[in-house]
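Visitor: I'd like a quick walk through this one, please. Can we look at it together?

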Amino acid sequence: MNIIVCVKQVLDPDIPPAKFKVDSASKQVVPPEGIPPVINPYDAQAVELALRLKEKQGGKITVLTVGSDGADKAVKYAISMGADDGFVLSDEVFEGSDSFSMAYILSKAVEKIGEYDLVLCGRQAADWDEGLVGSIIAESLGTSLVTLAEDAEVVDEGLKVKRVTLDGYQAFIVPTPAVVTVSNEVGQARLPSGLGIISAARRQIPVWKAADTGIDPSLVGSAAARRKLFALSVPARERKCEIIEGETPAEAATKLAERLREAGAI
Amino acid sequence: MEQGFDAIVVGAGPAGCACAYKLAKAGLQALVIDRGKFAGAKNMWGGAFYGAELLELLPDFLEEAPFERYVTRQKISFLTVEDCLSIDFASPKFSQPAPHGFVILRSKFDRWFADKAQEAGAIVAPGLGADDLLWDGHRVTGIKAGNDELPASAVIACDGANSVMAQKAGLQTELSPEDMKQGVKEVIELPREVIEQRFNLSGREGMAWEFAGSCTQGLPGGGFIYTNQDSISIGIVAQLNALVKRKIQANDLLEGFKSHPEVARLIEGGKLVEYSGHLIPVSGINMMPELYRDGFLVAGDAAALVLGTGLILEGANFAVASGIAAAETVIKAKEKGDFSRESLSTYQKLLEESYVLKDLKTFKKAPHFLENPHIYNLYPELACDLARRIFIGDGQPRKTTWNTLRGSLKGKASLLQILPDLWWGKGAI
Amino acid sequence: MNTISIEDKLAVNKFDIDKDVHIRIDEDICQTCNHHACIYVCPANCYKLSDGRITFSYEGCLECGSCNVACDKGAIDWTLPRPGFGICYQYG
């Protein structure tokens, strides 16, 4: 089974909250000094699902990412987990692309790779949390789509995917090729192995520019963006502390419960 | 199984990166691993690198290296609770013909240095730690990392003050709190112009400032301030066993130091952006482990190659020099096809011929001498008291300087107490 | 000048906290200890003495190894966090 996994580099979600800054004027997030970006955790889980499928079915895992300098690190991380191959899609014209353009860029690369049974994406990126790219890739490739997968297995008719719902799951059987977005219920992504890290460190990740995959430059970049950002700011948070007292612990607890109900917290 | 490397370097600090860089330049298959998420993620220090090693090793250093500032002012201050007596040394010699000292933040710098080793051809693998060594009889034949076995002709331990590798190799025994100092540091963000104005600097000029006296409340150690571009590094170094004896945390000393009137004004309005801590091996040659065995070498802090003379505490230049010497040794061993203990003894010879072991031998007695509490309470007190008597008139007729000094000493110390210190100090520092 | 607590200082640091605990202490041995060196040498307040008992939390650990060097009772089973986890210095 040939699987293509689309991954994105995001701001390290573990940065201390006080160090998260945005520049409201340019409407951009200011990356914190000295903390390199990481692979989107949901995408690492997509790689995890790909590896589990490969372990059962055999096949090849190819990783794609869109980005500039240092984007190869996300691909290398996936390779250190066990993926076979990967490409960085990088071009000046890509800058400022929205989810539609990103999906277009990735779809063109998927088409260039050609032989694939499954495209996996994380359910959303941990930076903007839009969760659009996977679905739009399916739309532009014209394949079947299942979102929020927690598991997948190969069956005679194609692929059986468990999709997370609020109180359980749905099971779909879809023909391949298919696009599946992977939810965190799939479980923790494995950590890279020593040999994986070394083999990834040895690799040079090829870079495909717009022309390499036949991308129409007028369909990407900020000029083509359909989604416009109007304002960006960090919401002000207020913290208050109230001490609830009582003669006995039981009384204090009752008062606390009342207070919480009053505040609408429970 | 992975095909063997010529050398596996454990730890991507100054010793490890210098070693891997040199090995790769000579065409050897070198792997450098580091348990940090990226090279430098686990590394901290006070702040400055002195010497020409980096300039010689890395041709792009001056243009490319992410150092903060050149050291153009070197200041030493003696503190009492209220007073501060300083020697502020500025000289064009600091930066001519080439800068001699660089204020560096390690997380950024080590990452760059590791990239340089990678460009030179080394395999750099952060996120990978060595759990154990592989053995063939007495010979180290590689490392164990998780479930993976990575064979190599030589393993070079550059894994810092708590060298797990040197211990696993049976070279370093348990470390003793008498031999270690603890460094704690804050990085405090301030606007560049404020830093330059407060420290009398411009452009890339920088200051390295050491403090002795009340900042450690009389414990062996000192305070330091280094100016970065947009922040300052401020910290305390204190003898580990002395903290236990005094029942005080290094952070308490740091908070006291920060509140000294002369220091508080320098950091006023700044924003804390990082708090860090680390151990420093300070007993020099007295605690130095054996530096090599079959298939194995130790460099940098892991080998306790740190020089403390009281006025300076240097380790990074020794780390780089020892990393280079280890690389040269392994390059020769590879030519001979012999990685035995005898073949690797070249390493010791190279270090003995260089300033590394020469300096450590010269200052062999310094670590013990520097435990003398007089240095951290009596002398700073005396110095400040003398300065107070000289510079602040009290309306009384002036005395000769000699008599002023005697006045300072009175009630604090007798010549009989001081003379042994002088005699002892003469041989030690 | 107001002093800042160690906890507030650690809050500005970047940590990748592992679910695996990398240091374990033998509280029974700590009970018999007469100096509690660990609480003075730990720069991150990981060791705390409350009601005569030493408690330990690994989350703010700066991985300096001071506790391991200072404890002479053999109460500390000291290792480093798994690679990639623990303190991640931005400045260093």
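Visitor: How many residues of domain 3 of chain B are in contact with domain 2 of chain B?
Guide: Bear in mind that this is a predicted model, where local features need pLDDT of at least 70, side-chain atom pairs count only at pLDDT 80 or more, and totals for chains, interfaces and linings use all residues. Residues are numbered from 1 along each chain as its sequence is written, chains are lettered from A and ligands numbered from 1 in the order written, and side-chain values use heavy atoms, with hydrogens and water left out. Contact means heavy atoms within 4.5 Å. Domain 2 of chain B brings 10 residues, and on the side of domain 3 of chain B the count is six.

Visitor: Which three residues supply 59% of the area that domain 2 of chain B buries against domain 3 of chain B?
Guide: Buried area is the accessible area (1.4 Å probe) that two parts lose on being put together, summed over both. Here the two domains bury about 490 Å² between them, 60% of it on carbon and sulfur atoms. The trio that gives domain 2 of chain B 59% of its share, more than any other three residues, is B:Gly213, B:Gly218 and B:Pro220.

Visitor: How many salt bridges does the rule find across the interface of domain 2 of chain B and domain 3 of chain B?
Guide: A salt bridge needs a side-chain nitrogen of Lys or Arg within 4 Å of a carboxyl oxygen of Asp or Glu. Across this interface of chain B's domains 2 and 3, the rule's count is zero.

Visitor: And between chain B and chain A, which residue forms a salt bridge with A:Glu33?
Guide: The two chains bury about 1400 Å² between them, using 19 residues from chain B and 15 residues from chain A. Their salt bridge count is two. In one of them, the closest N and O atoms are 2.6 Å apart, and the partner of A:Glu33 is B:Lys108.

Visitor: Is B:Thr141 buried or exposed?
Guide: B:Thr141 is in strand β9 (residues 139-145) of chain B; strands are DSSP runs (E, at least two residues), numbered from the N terminus. Leaving out residues up to four places away in sequence, B:Thr141 touches several others, including B:Trp135 and B:Pro151. Buried means under 20% relative accessible area, exposed over 50%, and partly exposed in between (1.4 Å probe, protein chains only). B:Thr141 has 16% relative accessibility, so it counts as buried.

Methods. Helix = DSSP H or I, 4+ residues; strand = E, 2+ residues; numbered from the N terminus.
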